[in-house]
Amino acid sequence: DGKVSSGYNRPLSFECLLKVEKLRFSLAHMSWPWIGECIALFGKFNASQRSFGNAPEMYIDSSPGAPEFDREEAFRKMGLICYGMASRLLFGVDSDTNQYNVAWAKDTLAYDRELFERLHGIYSKPEAVGHDLRFTRGDREMIDFREFFRKATEENYLNFIRK
């Protein structure tokens, strides 16, 4: 809209929510153009959740907004990093409820399924994981991007709205 707005949608602006116990929230559009910052913030919330239990739960909504090349890279990074993002990614599309665009939703779902399938083809091989995670690999031999996609499209919303 041409107006200053990064104070309202930049991921680090949400770091203050670490103080709000039992909160569950989601950042839309994978926080594009600050996707890396969003992933780092997620790691902080995830660590806080593990340490304090009643800490806020951060989810990430994948509604399109990022260019396709950034979208694929975001999913790749989310799968490769050991932050448990597979249980917190929400498949999404932008659409009005009164004029829900089913065709747009189907196209987005098909596009994302293809991306995750391509990533699965690469990272289901231990040598690819070892190459790309040379220093942060841990004990992972492969990354199941198919399961990541299934959770994002079938399971994670139920967890998000559970209370």
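Which residues do ring pairs link into a cluster? Here are some notes on this predicted model, starting with that one.

1. **The ring cluster.** Ring pairs join Phe75, Phe116, Tyr123, Phe145, Phe148 and Phe149 into a cluster. A search of the whole structure turns up 9 aromatic pairs. Two of these pairs are worth a look of their own, and they come next.

2. **Phe25 with Phe45.** The rings of Phe25 and Phe45 form an edge-to-face pair, with 5.3 Å centre to centre and 70° between the planes. Phe25 belongs to strand β1 (residues 24–27) and Phe45 to helix α2 (residues 35–52), so this pair ties together parts that are 20 residues apart in sequence. Both partners are worth checking for accessibility: Phe25 is buried at a relative accessible area of 9%, and Phe45 is buried at 2%.

3. **Tyr59 with Phe160, and a charge over the ring.** The centres of the Tyr59 and Phe160 rings are 4.9 Å apart and their planes stand at 75°, so this pair is edge-to-face. Tyr59 sits in strand β2 and Phe160 in helix α6 (residues 145–160), so the pair ties together parts that are 101 residues apart in sequence. Tyr59 counts as buried at 1% relative accessibility, whereas Phe160 counts as partly exposed at 21%. Tyr59 has another partner to look at: the charged end of Arg88 sits over the Tyr59 ring, 5.1 Å from the ring centre.

4. **Arg24 and the backbone of Phe160.** Phe160 comes up again here, this time through its backbone. The backbone oxygen of Phe160 lies 3.1 Å from a polar atom of the Arg24 side chain. Arg24 is in strand β1, and with a relative accessible area of 19% it is buried. If you apply the cut-off yourself, buried means under 20% relative accessible area.

5. **Helix α2.** How does the span of α2 agree with 1.5 Å a residue? The 18 residues of α2 should span 26 Å at that rise, and the end C-alpha atoms are 25 Å apart, which agrees. The buried residues of α2 are Ile35, Glu37, Cys38, Ile39, Leu41, Phe42, Gly43, Phe45, Asn46, Ser48 and Gln49. An α-helix has 3.6 residues a turn, so residues three or four places apart point the same way. Among the elements that cover the buried residues of α2 are β1, β2 and α3. Just after α2, Gly53 takes a positive phi of about 65°.

6. **Cysteines.** Why does the structure hold 0 disulfides? The sulfur of Cys16 is 15 Å from the closest cysteine sulfur, which is in Cys38, and that is too far for a bond. From the other side, the closest cysteine sulfur to that of Cys38 is in Cys16, again 15 Å away and too far for a bond. For reference, the cut-off is a pair of sulfur atoms within 2.5 Å. Cys38 itself counts as buried, at 1% relative accessibility.

7. **Ser63.** This serine lies in the loop between β2 (57–61) and α3 (68–80). Is Ser63 buried or exposed? At 4% relative accessibility, Ser63 counts as buried. A polar atom of the Ser63 side chain lies 3.3 Å from the backbone nitrogen of Val93. Leaving aside neighbours within four places in sequence, Ser63 is in contact with His29, Arg71, Gly92, Val93 and Asp94.

8. **Backbone points to check.** Most residues other than glycine have a negative phi, and most peptide bonds are trans. With that in mind, have a look at three places. His29, one of the contacts of Ser63, has a positive phi near 55° although it is a residue other than glycine. His29 is in the loop between β1 and α2 and is partly exposed, with a relative accessible area of 24%. In the loop between β1 and α2 you will also find Pro33, and a cis peptide bond joins Trp32 and Pro33, with omega about 10°. Lys22, which is not a glycine, has a positive phi of about 65°. Lys22 is placed in the loop between α1 (6–9) and β1, and at 68% relative accessibility it counts as exposed.

Technical notes:
Residues are numbered from 1 along each chain as its sequence is written. This is a predicted model: local features need pLDDT of at least 70, side-chain atom pairs count only at pLDDT 80 or more; totals for chains, interfaces and linings use all residues. Side-chain values use heavy atoms; hydrogens and water are left out. Buried means under 20% relative accessible area, exposed over 50%, partly exposed in between (1.4 Å probe, protein chains only). Helices (H or I, at least four residues) and strands (E, at least two) are DSSP runs, numbered from the N terminus. A polar contact is a pair of N or O atoms within 3.5 Å; within protein, one must be able to donate a hydrogen and the other to accept it, and residues adjacent in sequence count only if both atoms are side-chain atoms. Contact means heavy atoms within 4.5 Å. Rings of Phe, Tyr and Trp (its six-membered ring) pair if their centres lie within 6.5 Å; planes under 30 degrees apart count as stacked, over 60 as edge-to-face and the rest as tilted. A charge sits over a ring if NZ of Lys or CZ of Arg is within 6 Å of the ring centre and within 35 degrees of the ring normal. The expected span of a helix is 1.5 Å times one less than its number of residues.
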